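Me: I'm new to this one. Can you walk me through it?

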Amino acid sequence: MTRSTDFLAFAHIGDLHLTTADADNARDLRTILQRLRERQELDFVFLPGDNADNGTAEQYRLLRQALADFTLPVAVITGDHDMEGGDLGPFYAELQVPRSPYAKAVGDVRCLFLDMCGPGGGGPDFRLGAEQVQWLERELLEASRQERQCVVFMHSYPADLRGPGEAERVARLLHEGPVRLVEIGHTHYNELAHDGGVLYAACRSSGQIEEGGVGFALVTLDGPAVSWRFRESREAWPWVQITAPGDARLNGMGAVEASECRVLVLAEAELTACEWQCDEGPWWPLVSLGKGRYRGDRPVPAGARRLQVRVRDARGGEDRDQIELTGPQRPLAAPADWGSDRTSLGEWQAKGVLGTQLGPNRNGRKW
């Protein structure tokens with residue numbers, strides 16, 4: 001993976017559950033990849049596990065074929081459905097991806113990819129195993145020593161780990177380490193949870209979907225500020241997302257301050273307007289930094305409560321994004337709730353979070 005410019009930006013496509021080439025989810029995957037292909041504004045695309053519904057070589061070949069001419073790097077990890085055959089042999093043999101755990105540096109950010117499934121006995125017997133937990137601890141200690149921030153990629157919440165003491169230990173390592181964000185799948189619904197130290201972000205399934213339309217999340221880490229927004233694949237261009245300052249709810253009140261407004265824009269036509277506004281003030285121009293990055297032409301005013309951006313393109317397409325710089329102080333989660341959905345932020349329509357927990361792991365069908 002290579003750094004595109006000055007902040008981490010990636011797309012998260014939810015659990016695929018691929019079965020056959022003519023199934024809806026296979027077609028949806030091809031549509032999403034077509035929209036994201038050659039988007040050099042992004043550092044990579046993340047697939048969070050449950051890639052093949054039954055973990056067969058034939059199903060993995062569908063994914064390999066879909067990615068054959070895809071130009072962005074793709075990071076693929078394991079889920080419980082990838083273990084349905086009892087081991088991960090077909091996963092690694094067909095996809096030819098690095099074995100987890102592994103780390104990749106993207107600029108100043110350390111991205112850590114974990115395997116919750118291989119050390120278990122199949123199904124949702126989520127475990128990391130002693131060696132992987134020790135690896136994670138070493139990586140976080142080294143990142144702290146180097147003053148680097150981390151993003152962790154795993155199939156589900158740490159609370160779902162079943163190894164002796166793993167759930168509590170891993171949740172504490174993440175909460176107390178230099179981790180700003182943990183990206184997960186498994187839930188099948190969009191969900192954001194913040195335990196006071198870490199934002200957990202789950203992305204809607206692409207293959208066993210029960211709420212809303214199929215799509216993907218756009219995610220950034222700009223300095224200490226995390227930004228996350230789900231986009232349905234049917235949405236028209238352009239797409240704009242504020243990367244800094246950080247929204248108070250997404251960042252646990254800890255990373256909202258920034259001296260300038262910065263945004264990410266994905267567009268297919270020339271922009272005719274790219275502007276930002278604080279509260280009810282005037283609209284000011286955003287200045288291009290290249291590769292979809294823009295910044296404000298002046299500092300963010302002290303005491304600003306709300307910031308919004310708007311873009312328009314030469315084809316008449318428009319998009320907006322908005323963040324709240326202030327808000328009610330959320331109480332720090334109790335240690336027993338770290339790394340779980342008990343710290344969920346609830347419904348947040350602007351981010352694509354419906355708050356239904358409508359999936360097989362909570363209130364949905366038993367797939």
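Reply: Sure, starting with a strand pair: S12 and strand S13 (residues 262–266) run antiparallel and are joined by five bridges. Strands here are DSSP runs of E, at least two residues long, numbered from the N terminus, and two of them pair if DSSP finds at least two bridges between them. This is a predicted model, where local features need pLDDT of at least 70, side-chain atom pairs count only at pLDDT 80 or more, and totals for chains, interfaces and linings use all residues. Residues are numbered from 1 along each chain as its sequence is written, and side-chain values use heavy atoms, without hydrogens and water.

Me: Which residue in S13 is the bridge partner of Trp 239?
Reply: Leu 266.

Me: And is S12 buried or exposed?
Reply: Six of its six residues are buried (under 20% relative accessible area, 1.4 Å probe, protein chains only), so S12 is largely enclosed by the rest of the structure.

Me: New topic. How many cavities of 30 Å³ or more are there?
Reply: Two. A cavity is a set of points on a 1 Å grid over the protein atoms alone where a 1.4 Å probe fits but cannot get out, and lining residues have an atom within 4 Å of a point.

Me: What lines the largest cavity?
Reply: Its lining includes Val 226, Ile 242, Asp 247 and Lys 351. Strand S11 (225–232) and strand S12 (239–244) each give two or more residues.

Me: And which residues line the second largest?
Reply: Among them are Ile 13, Leu 29, Val 45 and Val 74. About 30 Å³ of space lies in that cavity, a volume being the space filled by probe spheres set on grid points joined across faces, edges and corners.

Note on methods:
On a 1 Å grid over the protein atoms alone, a cavity is a set of points where a 1.4 Å probe fits but cannot get out, and a pocket is an open set with protein on both sides within 12 Å along at least five of seven lines; lining residues have an atom within 4 Å of a point. Helices (H or I, at least four residues) and strands (E, at least two) are DSSP runs, numbered from the N terminus. Buried means under 20% relative accessible area, exposed over 50%, partly exposed in between (1.4 Å probe, protein chains only).
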